[in-house]
Amino acid sequence: MESGNHSRCSRCGKNLPQGSVKYIMKLTITADFDGFLEEKDTGSLDTEALLSSIHEKTEEELEDEVWIERVFLLCQECRNKIVHDPLNAGDPSMEGWVT
Ligand SMILES: [Zn+2]
């Protein structure tokens with residue numbers, strides 16, 4: 001993974017020389033566990049099936065399903081576009097929550 005001195009916009013590839021306006025975008029996606037577990041008709045979870053399905057995946061895959069973070073460097077133009085339509089949904093009202 002690139003780090004440190006890289007100076008290109010992650011989105012459009014534009015050169016971002018030292019001293020130019022640039023932005024770091026961190027994308028974090030975490031599983032939103034709401035505490036609800038679906039119970040089978042038997043009233044208990046099929047833990048064996050659950051465990052075997054987990055074992056089919058690598059630890060890394062499982063982690064990615066729960067938590068994933070990516071970091072991007074953006075030029076001002078791309079930053080403005082992403083702020084107004086982060087999900088690329090073509091809907092300017094989808095700006096998300098301000099935290
Ligand atoms: Zn750009």
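Asparagine 88 sits in the segment that follows helix H3, the helix spanning residues 76-84. In this predicted model, the phi angle of asparagine 88 is near 55°, a positive value in a residue that is not glycine. Is the residue buried or exposed? Asparagine 88 counts as exposed, because 9 C-beta neighbours lie inside 10 Å and the limit for that class is 12 or fewer.

Step back now to the chain as a whole. The protein chain holds three helices and two strands, and from the N terminus on, the order of these elements is β-α-α-β-α. How much of the chain is buried? Of the 99 residues, buried ones make up 3%. Sequence-distant contacts are well represented, too: if you take the contacts between residues at least 6 apart in sequence, 68% of them join residues at least 24 apart.

Before going further, a word on confidence. The protein chain has a mean pLDDT of 81, and 79% of its residues reach 70 or more. Which elements mark the two ends of the range? Helix H1, residues 47-55, has the lowest mean pLDDT among the elements, at 70, while strand E2, residues 67-75, has the highest, at 95. As a rule, predicted coordinates should not be read in detail where pLDDT is low.

The two strands make a good next stop. E1 and E2 run antiparallel and are joined by nine bridges. One of the pairings to look for in your viewer is threonine 30, whose bridge partner in E2 is tryptophan 67. As for cover, E1 has hardly any: zero of its nine residues are buried. In a regular strand, side chains alternate between the two faces of the sheet.

Now move to the segment before strand E1 (22-30), where you will find leucine 16. Why is leucine 16 partly exposed? It has 19 other C-beta atoms within 10 Å, and a residue needs 20 or more to be called buried, so leucine 16 stays in the partly exposed class. Leaving aside residues up to four places away in sequence, leucine 16 touches Ser7, Arg8, Cys9, Lys22, Leu73 and Cys75. Leucine 74 is 58 residues away from leucine 16 along the chain, yet their C-alpha atoms are separated by 8.6 Å.

Glycine 13 also belongs to the segment before E1. With 10 C-beta neighbours inside 10 Å, glycine 13 counts as exposed. Its C-alpha atom is 9.7 Å from that of leucine 73, and the two residues are 60 apart along the chain.

To finish, follow the chain into helix H3, where glutamate 77 lies. Here the count is 13 C-beta neighbours inside 10 Å, so glutamate 77 is partly exposed. Which distance links glutamate 77 to valine 21, 56 residues apart along the chain? Their C-alpha atoms are separated by 9.9 Å.

Technical notes
Residues numbered from 1 in each chain as written. Predicted model: local features only at pLDDT ≥ 70, side-chain atom pairs only at ≥ 80, totals over all residues. Helix = DSSP H or I, 4+ residues; strand = E, 2+ residues; numbered from the N terminus. Contact = placed C-beta atoms within 7 Å. pLDDT = per-residue confidence, 0-100. Pairing = 2+ DSSP bridges.
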